[in-house]
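Dear colleague,

I am passing on the structure we spoke about, and below it you will find notes on how some of its parts are arranged. Please read them with the model open beside you.

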Amino acid sequence: MKKILSLLLLFATMLFSQTYTDMLGRKVSLEKSDKIVCIGPGALRLAVYLGLENRLVGIEKTENDPSALSPYRTFLGKEKISKLPIIGTGGPGKMPDLEALLVAKPDFIIASFVDKNQLELIASKTNIPLIAISYGASYGGTSKKNLDDIKNSLLLLGDITHTSQRAHALVAFIKAQEEALGAISLPSQKLYVGGIGYKGVQGLTSTEATYPPFELLGLKNSVFEGTTTQGHQFIELEALMKNDPDIIFIDLFGKQKVEQDYLTQKALYDTLKAYKTGNVKEILGFNFYSTNVENLLVIAWQIAAHLGAPVDVNEKAHAIFNAFYTEPKGSVLLESLPYGFAKK
């Protein structure tokens with residue numbers, strides 16, 4: 001009798017479940033997607049992009065700060081975040097609180113920057129399905145083009161959570177932005193970006209060899225011109241002085257640190273062409289607990305404008321935020337952030 005009941009239960013589970021292949025190639029069967037939790041850098045962000053915030057039944061402690069450095073947290077707001085139980089500290093590769101997960105009882109877990117062994121351990125201990133997403137090779141994924149993995153992750157989550165229409169619309173918007181940015185003709189100049197956040201706030205010599213906004217515009221970080229170097233890099237100030245770029249872009253998130261360092265090394269900084277000519281330009285930051293895709297796209301338009309393209313960056317920023325957070329919520333969010341954008 002017990003065997004028959006077990007077989008019937010197994011059959012019922014198979015009948016009402018669906019199997020998906022996640023971004024790590026794992027086969028995962030899910031019955032429902034009404035209640036979710038997100039673990040690891042960037043997991044919650046994609047859920048918010050898809051409008052899944054009302055399905056959250058827990059949150060990482062590190063996401064508990066509605067920081068302007070991550071717009072999706074500001075969008076969620078302190079009141080929403082404070083009502084969600086903590087399911088772990090958060091952070092790359094850090095295990096969640098398994099007991100808290102069992103109490104939260106999510107239908108499945110969205111995971112980012114968590115390796116297969118950890119995923120299988122969590123699944124075996126909690127019996128809760130996990131879906132791995134990806135932000136690309138530079139940010140823990142597999143695709144050389146980071147936006148490709150992000151778009152595929154959005155489509156996967158859209159399929160699982162029955163928000164495919166939203167996911168496809170957002171992916172189509174991102175593709176249209178990529179095409180529009182790639183079609184811009186810009187003058188050939190030596191460019192550099194510094195102050196890139198990496199495990200915290202960093203100074204001028206913190207950079208990205210394959211800076212995504214540059215890539216979208218067909219531009220290169222001149223310090224790494226002709227090399228195959230990828231991802232985030234710390235360079236020596238002497239290397240920057242030797243390269244002597246025409247324009248230096250400063251990540252907003254590292255602005256204060258760069259300014260502090262300038263005061264202590266003014267003589268050296270002032271030997272750089274960009275500082276001599278006033279071609280040190282401030283742009284938004286995008287890398288905070290992984291990639292803020294909306295900021296990444298706005299930055300690309302900011303850079304295009306700084307290089308002479310006839311672009312209304314304020315208009316572009318509003319359009320981008322309204323695409324990621326739906327109009328008019330996106331504009332309201334953008335105007336609430338300390339980014340300096342005017343009302344639409």
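In this predicted model, helix α14 (residues 313-325) packs against helix α15 (residues 329-336) at an angle of about 120°, and the two axes lie 7 Å apart. Angles over 145 degrees would count as roughly antiparallel and those from 65 to 115 as roughly perpendicular, so α14 and α15 are described as oblique to each other. The crossing in which α14 passes α15 is right-handed.

On the side of α14, the residues that make this contact are Ala317, His318, Phe321, Asn322 and Tyr325, and they meet Lys329, Gly330, Ser331, Leu333, Leu334 and Glu335 of α15. By character, the residues of this contact comprise five nonpolar, four polar and two charged.

Turning to the strands, there is an open sheet of three, ordered β6-β9-β10, in which the pairing is parallel. Its edges are formed by β6 (191-194) and β10 (280-283), each of which pairs on one side only. Between neighbouring strands of this sheet the average turn is 25°, with direction ignored.

Strand β9 (residues 247-251) is joined to β10 by four bridges in the parallel sense, and the bridge partner of Ile250 in β10 is Glu282. Helix α13 (residues 293-306) packs on the sheet, where this helix touches both β9 and β10, and the direction of α13 makes about 155° with that of β10.

With best wishes

Key: Residues are numbered from 1 along each chain as its sequence is written. This is a predicted model: local features need pLDDT of at least 70, side-chain atom pairs count only at pLDDT 80 or more; totals for chains, interfaces and linings use all residues. Side-chain values use heavy atoms; hydrogens and water are left out. Axes are lines fitted to C-alpha atoms, for helices over the stretch in contact, and angles run from 0 to 180 degrees between N-to-C directions. Helices (H or I, at least four residues) and strands (E, at least two) are DSSP runs, numbered from the N terminus. Angles under 35 degrees count as roughly parallel, over 145 as roughly antiparallel, 65 to 115 as roughly perpendicular and the rest as oblique. A crossing is left-handed if the near helix is turned anticlockwise from the far one by less than a right angle, and right-handed if clockwise. Contact means heavy atoms within 4.5 Å. Ala, Val, Leu, Ile, Met, Phe, Trp, Tyr, Cys and Pro count as nonpolar, Asp, Glu, Lys and Arg as charged, and the others, Gly among them, as polar. Two strands pair if DSSP finds at least two bridges between them.
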